[in-house]
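Thank you for asking me to look over this model. My comments are set out as numbered points, for someone meeting the structure here.

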Amino acid sequence: MNLLDLLYIPLAVVTAPIWARKGRSGWGERFGRVGALPAKAVGRRRIMLHAVSVGEVAALRHLVPLLTAHAEVVISVTTDTGLARARELFGAIGPACHVVRYPLDFSWSVGRFLRAVEPDAVALVELEVWPNFIRACEARRVPVCVINGRLSARSFRGYRKARRFLAPTFGRLAFAAVQDEAYAGRFEFMGVDPLRCFLTGSMKWDSARIEPAAEVKGSDALARELGIDSARPLIVAGSTGPGEE
């Protein structure tokens, strides 16, 4: 137990009425009891990808098959819906891919989790920079990065208030691959070295390229009704206001 654990415990008690309203499963896994994974194959690395929920899991659709050609992949997910979606998308890939529950950020939960998973490198999808987890990975010499990095203006307002506390955690990241310049500025403000902060765009476009319209039931009929030529590029402007079109 460390000082951060001592902060988490009363915080969990105070907020219990809020998070307990929604039934959650997998409490053993949330405390790091994921069960031992198969031993790593000789000569192959094990890469862990952490996605919080359904949206982050979907962003990995293009990346996971690319990685499993060269390494074992462990996908960790926080929410029940995200876990179910990850198993649906990646469960059939084979022994090179595993789906597990991500632990709460108590030091003992993180330690138990990392002993079971044994990653050689970790990539966090969008954000999810938890201090105990990052620190434990550093102690094990496991590099941690952020991919598809995103820190919205709303979230940033909260993060910047805790900058003094969180800056060392952000500073431990091997690199941050972020979606745009605004996000890059926020990650750098939070402590990421500007030389290790890269603009890579959004991974959602990668997923879009592997999901042709023909795979969506009824898409061809809908296109004909709307007069859309499926052989030509289509641009959709959503949630626009007057003058923005």
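The points below go from the whole chain to helix packing, salt bridges and backbone angles.

1. This is a predicted model, and every value in this note should be read with that in mind. The protein chain has 245 residues, of which 39% count as buried, and its secondary structure comes to 12 helices and seven strands. Among the contacts with a separation of 6 or more, 69% are accounted for by residues 24 or more positions apart.

2. A pair of helices to look at is α6, which covers residues 107–117, and α7, which covers residues 131–139; their axes lie 9 Å apart and the helices pack at an angle of about 45°. That angle is neither under 35 degrees nor within the range of 65 to 115, and α6 and α7 are therefore oblique to each other. The crossing in which α6 passes α7 is right-handed.

3. Which residues meet where α6 and α7 touch? On the α6 side they are S107, V110, F113 and L114, and on the α7 side N132, F133, A136 and C137. Sorted by class, this contact of α6 with α7 has six nonpolar and two polar residues, with no charged residues.

4. Helices α8 and α9 offer another arrangement, in which the axes come within 6 Å and cross at roughly 100°. Because angles from 65 to 115 degrees count as roughly perpendicular, that is the description that applies to α8 and α9. The residues that meet are Y159, R160 and K161 from α8 and R163, L166 and F170 from α9. By class, the contact of α8 with α9 has three nonpolar and three charged residues, and no polar ones.

5. Helix α9, at residues 163–171, also has buried residues, namely L166, A167, T169 and F170. The cover over the buried residues of α9 includes α7, α8 (153–161) and α10 (181–189). L166 and F170 thus appear in two lists, being buried in α9 and also taking part in the contact with α8.

6. Turning to charged pairs, a search of the whole structure finds nine salt bridges. One of them joins the side chains of K40 and D120, with 3.3 Å from N to O. The pair links distant parts of the chain, 80 residues apart, with K40 in the loop between α2 (27–30) and β1 (46–51) and D120 in the loop between α6 and β4 (121–125). K40 is partly exposed at a relative accessible area of 30%, and D120 also counts as partly exposed, at 23% relative accessibility.

7. Another salt bridge is formed by the side chains of D80 and R101, at 2.7 Å from N to O. This pair again links distant parts of the chain, since D80 belongs to helix α5 (residues 80–90) and R101 to strand β3 (residues 97–101), 21 residues apart. Is each partner buried or exposed? D80 is partly exposed, with a relative accessible area of 29%, whereas R101 counts as buried at 2% relative accessibility. D80 and R101 are also members of a network of salt bridges that includes E29 and R30.

8. A salt bridge within a helix is found between the side chains of E88 and R85, with 3.0 Å from N to O. Both residues lie in helix α5, three residues apart, which is about one turn of the helix. An α-helix has 3.6 residues a turn, so residues three or four places apart point the same way. E88 is exposed, with a relative accessible area of 58%, while R85 counts as partly exposed at 25% relative accessibility.

9. Finally, two backbone angles deserve a look. Most residues other than glycine have a negative phi. E128, however, has a positive phi near 50° without being a glycine, and it is found in the loop between β4 and α7. N148 likewise has a positive phi, of about 55°, although it is not a glycine, and N148 is found in strand β5, at residues 144–149. With buried taken as under 20% relative accessible area, E128 counts as buried at 18% relative accessibility, and N148 counts as buried at 4%.

Technical notes:
Residues are numbered from 1 along each chain as its sequence is written. This is a predicted model: local features need pLDDT of at least 70, side-chain atom pairs count only at pLDDT 80 or more; totals for chains, interfaces and linings use all residues. Side-chain values use heavy atoms; hydrogens and water are left out. Axes are lines fitted to C-alpha atoms, for helices over the stretch in contact, and angles run from 0 to 180 degrees between N-to-C directions. Helices (H or I, at least four residues) and strands (E, at least two) are DSSP runs, numbered from the N terminus. Angles under 35 degrees count as roughly parallel, over 145 as roughly antiparallel, 65 to 115 as roughly perpendicular and the rest as oblique. A crossing is left-handed if the near helix is turned anticlockwise from the far one by less than a right angle, and right-handed if clockwise. Contact means heavy atoms within 4.5 Å. Ala, Val, Leu, Ile, Met, Phe, Trp, Tyr, Cys and Pro count as nonpolar, Asp, Glu, Lys and Arg as charged, and the others, Gly among them, as polar. A salt bridge is a side-chain nitrogen of Lys or Arg within 4 Å of a carboxyl oxygen of Asp or Glu. Buried means under 20% relative accessible area, exposed over 50%, partly exposed in between (1.4 Å probe, protein chains only).
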